[in-house]
Amino acid sequence: MKKLLALALASLLTLSMFAGCGKEKGEAGTSEPKETYQSVDINVAGLKGPTGIGMVRLMEQSDAGEAANKYTFSLASAPTEIVGKISSGEVDIAAVPTNLAATLYQKTNGGVKLLAVNTLGVLYLLEKGDSIHSVADLKGKTIYASGQGSTTEYVLNYLLEQAGMTVGEDVKVEYKADHSELAALIASGEADIALLPEPFVTTVTSKNADVRVALDITEQWKKTTGDKELPMGGIIVRTEFLEKNPAAVEKFLEEYKASTEYTATNLAETAALTEKYDIMKADVAQKAIPNCNIVYLDGAAMKESVKSFFDILLKADAKSIGGKLPDDALYYEKAGN
């Protein structure tokens, strides 16, 4: 009898040990099925400039079916082409001038959020000749520019005002519809002074050896503002889309950040992709990309940079950011941060 009881007890102990092992395995999650990410269709708009260049690697991955989401990309020549598409819901995520992010936020009552800064200063003043060596030298001149109503206009106006000049009185500014039109004008010699962003600067100087870079606007901005950054471009998302698809937006940001980093470390390959996606010729892109200031700033770094910029714009021209400083809800923060 004692022998039978001992055998029964041993059996129970053995079963208990195996049951315990099975439980630990389950707790460790090795036998639990992993959650799978469900791909989301996302319409993304960029500009035929640095923001478009920063996206080309992700565009290639999307075409190859290697991206987490199903992206449909479109590239516009001017920010005004994107505004209506964001408002109508035709576009979910877009690259726009940072001041436009603020004005859209105000006009839509919080209908968009700023996800990241993607471009720092990329503006240069081009001259056919050698008479301009400071902002003060622009007095009495006619400047041709593109990007009216965007960061370009307000940065230029601020620098001129700080140099004691009033647009329309001391200096004349004529705006063209888009960067490509303006680049063609100065390259052909029809305009003597032009304010353009990269990569159009390299396009012009490659075509016309008589045109030179007279002023680096980023340097002028830093001198005037006490070394403040010039966050010119950013990525926005429709708030409604973000609220419905938070995981998809996070996946996009991961892939977009990787795309911008690829741009910095794979110059020749990125240049080839800019030609593939009809942004510009590869040989010109290879020269221009190092001057395009393509970056990826999110979270606190984004917020600090943009808020400082908006403070300056508010004092210079409140309408540039929608009449007042946007509240902190403009700036996207990942859940849990």
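I take buried to mean under 20% relative accessible area. I apply that cut-off to a predicted model throughout these entries.

**Entry 1: glutamate 127**

I looked up glutamate 127 and found its place in strand 5, residues 123-128. Its relative accessibility is 3%, so glutamate 127 counts as buried. I then listed its contacts, leaving aside neighbours within four places in sequence. The partners of glutamate 127 are Ile132, Asp192, Ile193, Asp210, Val211, Arg212 and Ala214.

**Entry 2: helix 7**

I turned to helix 7, which spans residues 200-207. Within helix 7 I noted Phe200, Val201, Thr202, Thr203 and Val204 as buried. I asked which elements are included in what covers these buried residues. I recorded strand 5, helix 6 (179-188), strand 8 (193-197), strand 9 (211-216) and helix 12 (282-288) among them. Strand 5 is also the place of glutamate 127.

**Entry 3: tyrosine 158**

I located tyrosine 158 in helix 5. Tyrosine 158 counts as buried because its relative accessibility is 12%, and the cut-off is under 20%. Not counting residues up to four places away in sequence, I found tyrosine 158 touching Trp221, Thr224, Thr225, Ile312 and Ala316. For one of these partners, threonine 224, I looked up the C-alpha separation from tyrosine 158, which is 9.3 Å. The two residues are 66 apart along the chain.

**Entry 4: the whole protein**

I counted 13 helices and 11 strands in the protein. Of its 337 residues, 49% count as buried. I considered contacts between residues at least 6 apart in sequence, and 78% of these join residues at least 24 apart. The protein exposes about 16,400 Å², and I note that carbon and sulfur atoms supply 50% of that area.

**Entry 5: nonpolar cores**

In soluble globular proteins, nonpolar side chains tend to be buried together. I therefore looked up the nonpolar cores of this model, and the largest has 53 residues. Leu125, Ile143, Ile236 and Phe310 have the most contacts inside the largest core. Apart from that core lies another, of 37 residues, which includes Tyr71, Leu242, Phe252 and Ile289.

I followed phenylalanine 310 further, leaving aside its neighbours within four places in sequence. Phenylalanine 310 is in contact with Thr98, Asn99, Ala102, Ile321, Leu325, Pro326, Leu330 and Tyr331.

**Entry 6: cavities**

Rolling a probe the size of a water molecule over the atoms shows where empty space is left. I searched the whole structure and found 2 cavities of 30 Å³ or more.

The largest cavity holds about 260 Å³ of space. I recorded 21 lining residues for the largest cavity, with Leu47, Pro97, Val122, His179 and Met232 nearest its centre. Helix 2 (50-63), strand 3 (93-97) and helix 5 (151-162) each supply at least two residues of this lining. By class, I find 10 nonpolar, 9 polar and 2 charged residues in the lining of the largest cavity.

The second largest cavity has a volume of about 40 Å³. I list its lining as Leu125, Val135, Leu138, Leu156, Leu159, Leu160, Leu215 and Ile217. Which element gives the largest share of the lining of the second largest cavity? I find that helix 5 does, with 3 residues. Helix 5 is also the place of tyrosine 158. By class, this second lining divides into 8 nonpolar, no polar and no charged residues. I note that Leu125 belongs to this lining and is named among the residues with the most contacts inside the largest core.

Technical notes:
Residues are numbered from 1 along each chain as its sequence is written. This is a predicted model: local features need pLDDT of at least 70, side-chain atom pairs count only at pLDDT 80 or more; totals for chains, interfaces and linings use all residues. Side-chain values use heavy atoms; hydrogens and water are left out. A nonpolar core is a set of buried Ala, Val, Leu, Ile, Met, Phe, Trp, Tyr and Cys residues joined through side-chain atoms within 4.5 Å. Buried means under 20% relative accessible area, exposed over 50%, partly exposed in between (1.4 Å probe, protein chains only). Contact means heavy atoms within 4.5 Å. On a 1 Å grid over the protein atoms alone, a cavity is a set of points where a 1.4 Å probe fits but cannot get out, and a pocket is an open set with protein on both sides within 12 Å along at least five of seven lines; lining residues have an atom within 4 Å of a point. Grid points are joined across faces, edges and corners, and a volume is the space filled by probe spheres set on the points. Helices (H or I, at least four residues) and strands (E, at least two) are DSSP runs, numbered from the N terminus. Ala, Val, Leu, Ile, Met, Phe, Trp, Tyr, Cys and Pro count as nonpolar, Asp, Glu, Lys and Arg as charged, and the others, Gly among them, as polar. Accessible areas come from the Shrake-Rupley method with a 1.4 Å probe; for residues, only the protein chains shown count as cover.
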